[in-house]
Amino acid sequence: MVLRSHTKRIYPGEFSGYGQDKDIKPPDTKKSRCTPLYPEGNQLSLTYSMLSNPLNRGRNTPKRKTKVLLQCRPYHIYSKTQLVNILTRSIKAISDGEKFESEWRGAFGSVVPAKGPVKKSANKFVVKTNLKLTGASNLLEEARQQFGFHHDNILPCPGYAFLKDQTFLLFPRARESLGTILINMQIERTAMVWNQRLDICQQVANGLIYLHSLQLVHRDLTAGNILLADNNHIWISDFGRLKAEGQPNPNASGSQSAQHSQPFQGVYVNRELKDGDLQLAPELFYGTITTPKSDIYGWGKVLLNLLQGKYNWRGWSNHPNCAFHMCPDSCKHLRWPDKSKEKPRTFTSLESIIAIDKRLGPSGTPQSKKLELFRRLAIECLAIDPAQRPESMEEVLERANSIAGTSISSLSSLKQPGQQ
Ligand SMILES: Nc1ncnc2c1ncn2[C@@H]1O[C@H](COP(=O)(O)OP(=O)(O)O)[C@@H](O)[C@H]1O
Ligand SMILES: [Mg+2]
């Protein structure tokens, strides 16, 4: 199939989209079913007031034409033309410093509601963009990967655009993240029965099985990166840390000369940990190779949080004074002491303090015995040593399904925690 590439000039106020341009015919969808409908390299020439520095948003800088690399494909009931319109209007609004009704700021990016010619359609989407100039190429890499994913439990990215220093990703809008749900659950604003919580875990497992089948590892699987769409559909999102299985771990350079490098368990690692990093699998900091086991850890954390009914996000620390998720303010767990001989603390060693949400029912019942089996599965996934975790996400899902289907009579001999 010959992929056509086109150049088109669009000026502000003229975001008519491809559909009305006689030069650009809609591709033959029969021929190009699984191929991106417009090949990357489809460059547009847009005029924006400012696009070279995202941190300069809205300032009155001179208008200039900027080449835009743009890629879109139809999604759900939305045609490619509609999505190109929504994406280009959103880019313009962001660049012009327009006010958005809301903005989520993550580690590297900002996510805002999309703009478009038809408000009702635009409201169904959001646009993610980098906040730092250096983030553009990483975000483009993220966009290219995500654009190629096709799975019900992976957040679709039906369009993206790249300008010199800025990348824009178009996503369908989710209702909220699991992180928000867990926080609301903790303050008793959200009630969720166990079957709903289990359904979330099962959907996340399905998404991970898909990623792992492509030999990819998410590496940042946390409740904040799990999104709920309407009708309780789950999307795994945020592929900023994605890596291929077997790739070296960028945090463990193995070299003494690298910036912030410090020996830890015999490997030179970057010791600049951020607060949120402590919820990730510990080997993401000192392991040498990328493996799917890190996502098994992330999944175990999500299961544990749902069992606890709260966002207990801290997972481990190697600081002698660190008391896990009950860290006192004086704890310096973000600073790894140079000569600490302390082994990292694990969920397993702190089993006794992981209590199951009382709202899931009284103890001693068949339901509570099932929950205890789930708790044990979570703790196994959270083993500090990846070799001690279940072999694969398929195995994890099978075991979760089998616990869910376990008959009540076979649970009668199961001991409760603390029972002799
Ligand atoms: N499709 C979406 N719909 C609604 N909110 C979203 C969507 N994607 C991201 N967000 C919000 O934006 C936040 C940051 O997005 P994320 O992709 O995780 O970026 P970062 O890499 O900065 O963490 C998320 O935690 C979530 O609250
Ligand atoms: Mg995130």
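**Note on the ligand 1 shell and two helix pairs**

1. Strands β5 (109-113) and β6 (125-130) each contribute at least two residues to the shell around ligand 1. The model is a predicted one. Both domain 1 (29-172) and domain 2 (176-411) take part in this shell, each with at least three residues.

2. The surroundings of ligand 1 comprise 19 residues, of which Trp-104, Gly-106, Val-111, Ala-174 and Asp-238 come nearest. By class, the shell around ligand 1 holds nine nonpolar, seven polar and three charged residues.

3. Helix α5 (residues 194-213) packs on helix α9 (residues 393-405) at an angle of about 155 degrees, the axes lying 9 Å apart. Because of that angle, α5 is roughly antiparallel to α9. The two helices, α5 and α9, cross in a left-handed sense.

4. On the α5 side, the contact with α9 involves Leu-198, Cys-201, Gln-202, Ala-205, Leu-208, Ile-209 and His-212; α9 supplies Met-393, Glu-394, Val-396, Leu-397, Ala-400 and Ala-404. This contact of α5 with α9 consists of 10 nonpolar, two polar and one charged residues.

5. A second pair is formed by helix α7 (residues 293-308) and helix α8 (residues 366-381), which pack at about 145 degrees with axes 8 Å apart. The crossing of α7 and α8 is left-handed. From α7, the contact residues are Ile-296, Tyr-297, Trp-299, Gly-300, Leu-303, Leu-304 and Leu-307, and from α8 they are Leu-371, Phe-374, Arg-375, Leu-377, Ala-378 and Cys-381. In the contact of α7 with α8, 11 residues are nonpolar, one is polar and one is charged.

How values were computed: Residues are numbered from 1 along each chain as its sequence is written. Chains are lettered from A and ligands numbered from 1 in the order in which they are written. This is a predicted model: local features need pLDDT of at least 70, side-chain atom pairs count only at pLDDT 80 or more; totals for chains, interfaces and linings use all residues. A residue is near a molecule or strand if its C-beta atom, placed from the backbone, lies within 6 Å of it. Helices (H or I, at least four residues) and strands (E, at least two) are DSSP runs, numbered from the N terminus. Ala, Val, Leu, Ile, Met, Phe, Trp, Tyr, Cys and Pro count as nonpolar, Asp, Glu, Lys and Arg as charged, and the others, Gly among them, as polar. Domain bounds come from an automatic or database domain assignment. Axes are lines fitted to C-alpha atoms, for helices over the stretch in contact, and angles run from 0 to 180 degrees between N-to-C directions. Angles under 35 degrees count as roughly parallel, over 145 as roughly antiparallel, 65 to 115 as roughly perpendicular and the rest as oblique. A crossing is left-handed if the near helix is turned anticlockwise from the far one by less than a right angle, and right-handed if clockwise. Two residues are in contact if their C-beta atoms, placed from the backbone, lie within 7 Å.
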